[in-house]
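Open the model in a viewer and keep the sequence panel visible. The tour goes from one selection to the next and says what is found at each stop.

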Amino acid sequence: MKILVIHGPNLQLLGKRQPSIYGHADLASINRDLKRRAAARRAALTIVQSNHEGEIVERIGAAKDRYDAILINPAAYTHTSVAIRDAIEAAGVPAVEVHLSNIYAREPFRHQSLIAPVCRGQVCGFGAASYRLGLEAALALGKH
Ligand code: DQA
């Protein structure tokens, strides 16, 4: 099984950025953990981080027929990007949305995800564990 992992804008700052909200783990350690867990399940991960909406759209478009699932933290684009939403819908690759923080317990502008309706499901609020749980969900999609 091949899974494309996409980290959206500002997630390269994890560990340094508002640790009380996003935790102390940096992106490299989250990625190492995901790769180790995926390898143990015989799944291959491609991991990208981008601060650019268009690049994320292109990565999702290129995933069609190449990946079995997408694990995505769209970060701030969660709340704004019709383009990323449309890309996921058009690619037809099953997607799992993850967030470190519980977006529903934060500012009202974070309560809406434009991405969630085109994903198979969403995991949020568990810090770095959201990624682990999201990976588990993505692996389970392959068995449907
Ligand atoms: C986030 C939540 C978003 O609202 C925010 O813009 C982020 C990170 C999260 O993982 O909790 O950058 O996606």
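Start with a single side chain: select R37, which is partly exposed, with a relative accessible area of 34%. Keep in mind while looking that this is a predicted model.

**Stop 1: the charged side chains around D33**

Now add D33 to the selection. The side chains of R37 and D33 form a salt bridge, with N and O 3.0 Å apart. Both residues belong to helix α2, which covers residues 27–40. They lie 4 residues apart in that helix, so about one helical turn separates them. Is D33 buried or exposed? D33 has 16% relative accessibility, so it counts as buried.

Next, select R132. A salt bridge also joins the side chain of R132 to that of D33, at 3.8 Å from N to O. This pair connects distant parts of the chain, since R132 sits in helix α5 (residues 129–141) and D33 in helix α2, 99 residues apart. R132 has a relative accessibility of 34% and counts as partly exposed.

Move on to E107 and R110. These two residues form another salt bridge, and their closest N and O atoms are 2.7 Å apart. E107 is partly exposed, at 31% relative accessible area, whereas R110 is buried, at 16%. Then go back to the D33 group and add R36: salt bridges with shared partners join D33, R36, R37 and R132 into one network. How many salt bridges does a search of the whole structure find? The search finds 6.

**Stop 2: the sheet**

Switch to a cartoon view and select the strands. There is an open sheet of 5 strands, paired in parallel, and reading across it gives the order β2-β1-β3-β4-β5. Which strands stand at the edges? They are β2 (44–49) and β5 (121–124); each has a single partner strand, so one side of each has no neighbour in the sheet. On average, neighbouring strands are turned by 20° against each other, with direction ignored.

Now pick out β1 (residues 2–7) and β3 (residues 69–73). These strands run parallel and are joined by 5 bridges. To look at one pairing, select I3 and its bridge partner in β3, A69.

Bring the helices back into view. Helix α2 lies across β1 and β2, and runs at about 165° to β2. Helix α3 also packs on the sheet, where it touches β1, β2 and β3, and its direction makes about 170° with that of β1.

**Stop 3: the pair α3 and α4**

Select residues 53–63 for helix α3 and residues 82–91 for helix α4. The two helices pack at an angle of about 5°, and their axes are 9 Å apart. That angle makes α3 roughly parallel to α4.

To see the contact itself, show side chains. On the α3 side, select E53, I56, V57 and I60; they meet A83, I84, A87, I88 and A91 in α4. By class, this contact of α3 with α4 has 8 nonpolar residues, 1 charged residue and no polar ones.

**Stop 4: two residues with positive phi**

Select Q18, in the loop between β1 and α1 (19–22). Q18 is not a glycine, yet its phi is positive, at about 35°. Q18 is partly exposed, with 42% relative accessible area.

Then select D65, in the loop between α3 and β3. D65 is not a glycine either, and has a positive phi of about 65°. Its relative accessible area is 73%, so D65 is exposed.

**Stop 5: V123**

The last selection is V123, found in strand β5. V123 is buried, with a relative accessible area of 14%. Which residues is V123 in contact with, leaving aside its neighbours within four places in sequence? They are E97, V98, H99, S130, L133 and G134. Finally, use the distance tool on the C-alpha atoms of V123 and I88: these residues are 35 apart along the chain, and the two atoms are separated by 17 Å. I88 was seen at an earlier stop, among the residues of α4 that meet α3.

Methods
Residues are numbered from 1 along each chain as its sequence is written. This is a predicted model: local features need pLDDT of at least 70, side-chain atom pairs count only at pLDDT 80 or more; totals for chains, interfaces and linings use all residues. Side-chain values use heavy atoms; hydrogens and water are left out. Axes are lines fitted to C-alpha atoms, for helices over the stretch in contact, and angles run from 0 to 180 degrees between N-to-C directions. Angles under 35 degrees count as roughly parallel, over 145 as roughly antiparallel, 65 to 115 as roughly perpendicular and the rest as oblique. Contact means heavy atoms within 4.5 Å. Ala, Val, Leu, Ile, Met, Phe, Trp, Tyr, Cys and Pro count as nonpolar, Asp, Glu, Lys and Arg as charged, and the others, Gly among them, as polar. A salt bridge is a side-chain nitrogen of Lys or Arg within 4 Å of a carboxyl oxygen of Asp or Glu. Buried means under 20% relative accessible area, exposed over 50%, partly exposed in between (1.4 Å probe, protein chains only). Two strands pair if DSSP finds at least two bridges between them.
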